[in-house]
Amino acid sequence: MKKKKSEIKENHVFINGKYFLKNEATVSVFDHGLLYGDGIFEGMRSYNGLVFRMEEHLDRLWESAKSIMLSIPYTKKQMNDLVIQTLQKNKLKDAYIRLVITRGTGDLGLDPRKCKVPTVFIISDKIVLYDGEIYAKGVEVVTVPTVRNFTEAVNPAIKSLNYLNNILAKIEATNAGFCDAVMLNHQGYVTECSGANIFIVKDGALFTPPTYVGALKGITRCAILDTARKLRVPFQERILTRHDLFNADECFLTGTAAEIVPVVKVDGRVIGNGKPGETTHSLTLGFRDLTKVDGVRYKI
Ligand code: PXG
């Protein structure tokens with residue numbers, strides 16, 4: 001049945017102070033975000049009218065900006081309000097939100113001083129949920145040849161528009177027939193997946209690599225550590241090797257879009273009993289409780 005025009009929700013994208021319809025929302029080909037990956041972003045999520053941990057996302061955005069010497073033309077409070085305004089304009093209670101700030105439009109040289117005004121855009125749209133099977137059965141991941149960026153080169157703690165390192169890893173994993181890549185650093189230590197943090201459970205305790213090995217300080221990662229504290233699951237940020245992954249009792253990935261994804265095989269080694277683990281399950285339930293209360297509420 002054809003939808004009445006009033007039923008079709010038009011999606012609006014915020015760009016530098018104005019709203020544009022989705023298919024008219026464009027930026028310049030001279031934008032350095034596009035020409036050089038010179039910019040930063042955040043991927044957030046709202047649950048039933050609550051933007052989950054928005055303050056933490058904005059703190060991370062400001063830290064990324066500081067690191068790349070990009071000055072954000074809004075205060076955190078203004079940015080908070082713009083995100084909410086975008087969600088309200090699109091009448092979205094459950095949404096995926098992408099906030100992007102680029103160096104702005106410049107010339108063809110890479111000098112960021114030529115970019116006078118940063119480009120800020122906010123996309124909010126219906127959240128595309130992952131296939132339920134991945135949560136019920138767990139996924140299989142592999143380590144890949146591409147190593148995670150050196151922290152001394154492009155620090156993985158910066159959520160920059162330079163995602164080629166992760167994209168190459170993702171390509172290698174999908175070429176091999178797996179859903180995601182475990183990325184190691186140049187010393188062979190486990191860092192994270194192409195777009196998610198990684199955890200293991202061993203002898204009742206939870207472990208995740210410290211961010212200084214080359215991982216993003218994930219908001220979901222932090223929420224899982226808070227949940228572990230609440231559930232009295234002992235945890236430690238610790239260097240992990242492939243050997244640690246292979247011999248884990250449980251393993252899972254965390255990220256804003258996918259939330260918590262159980263891992264049942266790493267490089268062909270079965271993790272635990274080959275099924276999503278109990279600790280993973282309790283942490284997932286604890287995380288879901290957090291998504292009901294921990295964030296910024298808004299009304300549609
Ligand atoms: N590591 C990397 C490299 C990421 O890109 C995470 C960890 C998890 O962080 P949060 O804060 O989301 O818990 C990310 C997440 C997606 C998507 O659609 C996710 C990310 C980037 C692009 C797309 O799942 N970042």
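From which domains does the shell around the ligand draw at least three residues each? Domain 1 (9-125) and domain 2 (132-290) both do so; the bounds come from an automatic or database domain assignment.

This is a predicted model, where local features need pLDDT of at least 70, side-chain atom pairs count only at pLDDT 80 or more, and totals for chains, interfaces and linings use all residues. Residues are numbered from 1 along each chain as its sequence is written, and side-chain values use heavy atoms, without hydrogens and water.

The ligand has 21 residues around it (a heavy atom within 4 Å). Lys159, Tyr163, Glu192, Thr220 and Thr256 come nearest. By class, the shell holds 7 nonpolar, 9 polar (Gly among them) and 5 charged (Asp, Glu, Lys and Arg) residues. Helix H6 (219-230) and strand S13 (250-255) each give the shell at least two residues. Helices (at least four residues) and strands (at least two) are DSSP runs.

Polar contacts are pairs of N or O atoms within 3.5 Å.

| Residue | Protein atom | Ligand atom | Distance |
|---|---|---|---|
| Lys159 | side-chain N or O | nitrogen | 2.6 Å |
| Glu192 | side-chain N or O | nitrogen | 2.6 Å |
| Ile219 | backbone N or O | oxygen | 2.8 Å |

Alone, the ligand has 550 Å² of accessible area, and the protein covers 86% of that (Shrake-Rupley method, 1.4 Å probe).

Definitions and conventions:
Polar contact = N/O pair within 3.5 Å; in protein donor to acceptor, adjacent residues only side chain to side chain.
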